[in-house]
Amino acid sequence: MGERAEEARHCTVHPLHRPRQRRLARRINNYSIYRALRRAIRDCRAEQPILMAPCGYGWFFDRFRQDRIEVVGIDIEPAAVEFARAAVTPPMRVLQGNILEMPFNDGEFDFVISNRFVLHFNAEFRAKAMKELARVTRRHLLVHYDSNSLRQILRRIRGAQEPERDVEHAPGWKKTKRKERKLLYTPEMMAAEGAPAGLRVKELYYVCYMLSDRVYCLYEKAPG
Ligand SMILES: C[S@@+](CC[C@H](N)C(=O)[O-])C[C@H]1O[C@@H](n2cnc3c(N)ncnc32)[C@H](O)[C@@H]1O
């Protein structure tokens with residue numbers, strides 16, 4: 001049975017427990033990603049709960065719970081919210097809502113994570129999202145970006161080109177995504193993304209330098 005068919009068969013199974021997530025390479029990759037997040041949280045001595053915006057279906061909620069890191073999640077999709085609420089017992093607090101208008105006070109969270117999100121959108125959306133994420137954090141915001149890696153260099157040498165996304169026919173929030181696939185950030189681009197929202201780059205957490213595209217940019221709120 002193909003992977004897709006296998007996943008469809010498991011559609012009532014929580015996404016954290018589907019076959020794709022159980023494959024060894026994915027588990028190693030996920031562990032490396034989680035380690036980078038946890039290192040940033042610990043380095044900042046983040047006060048809890050931290051906010052995950054968006055939280056999707058509760059990716060890493062099980063690991064956060066094991067490490068006694070309490071999380072509040074927010075996501076626009078009711079199905080994702082439902083899964084996120086079922087990810088661990090007792091559940092983390094998860095709200096349904098839009099990142100552009102979050103129902104939280106200014107500085108309500110000491111530490112905010114935005115994983116696999118802002119990089120998918122156009123500059124106008126990213127600017128609004130960064131402002132709102134900066135508003136609700138008291139001190140730190142950790143944002144996932146893609147950056148140059150050996151894989152990207154090899155792709156360029158091969159002249160590989162992925163077709164644009166068909167966002168017009170995509171369902172729900174996916175319509176608001178950029179058409180172009182990868183947006184590779186340099187540290188200067190990350191600094192420029194945070195500055196209008198009053199954020200400055202404190203540190204970069206690479207998941208696996210040059211082997212993984214993924215990097216987490218730790219921003220801190222600029223004083224004033
Ligand atoms: C690629 S997933 C990443 C989810 C999560 N951060 C993770 O790492 O698993 C993108 C998520 O963003 C959510 N989303 C998209 N637009 C949103 C918006 N405007 N406000 C809140 N959540 C949104 C989607 O529902 C989806 O769960």
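## Strand β5 and its partners

In this predicted model, strands β4 (residues 109–114) and β5 run parallel and are paired over five bridges. Across this pairing, Ser-114 stands opposite Val-143 of β5. Between β4 and β5 the chain passes through helix α6 (residues 123–136), and this β-α-β crossover is right-handed.

Strand β5 itself spans residues 137–147. Eight of its 11 residues are buried, so the strand is mostly covered.

β5 has further partners. Strand β8 (residues 214–221) pairs with β5 in the antiparallel sense, over seven bridges. Here Val-143 appears again: its bridge partner in β8 is Cys-217. Strand β6 (residues 184–185) runs parallel to β5 and is joined to it by two bridges. In this pair, Asp-146 stands opposite Leu-184 of β6. Helix α7 (residues 150–158) completes a right-handed β-α-β unit with β5 and β6.

## Backbone points in the loops

Two cis peptide bonds involve prolines.

| Bond | Omega | Place of the proline |
|---|---|---|
| Gln-48 to Pro-49 | about -5° | Pro-49: loop between α3 (24–43) and β1 (50–52) |
| Thr-89 to Pro-90 | about -10° | Pro-90: loop between α5 (78–86) and β3 (93–96) |

Positive phi values also occur outside glycine. Phe-60 has a phi near 80°. Phe-60 sits in the loop between β1 and α4 (61–66). Is Phe-60 buried or exposed? Phe-60 counts as buried because 23 C-beta neighbours lie inside 10 Å.

Arg-116 has a positive phi of about 50° and is not a glycine either. Arg-116 lies in the loop between β4 and α6. With 13 other C-beta atoms within 10 Å, Arg-116 is partly exposed.

Terms used. Residues numbered from 1 in each chain as written. Predicted model: local features only at pLDDT ≥ 70, side-chain atom pairs only at ≥ 80, totals over all residues. Buried ≥ 20, exposed ≤ 12 C-beta atoms within 10 Å, placed from the backbone. Helix = DSSP H or I, 4+ residues; strand = E, 2+ residues; numbered from the N terminus. Pairing = 2+ DSSP bridges. Right-handed = clockwise from strand over helix to strand, strands pointing away.
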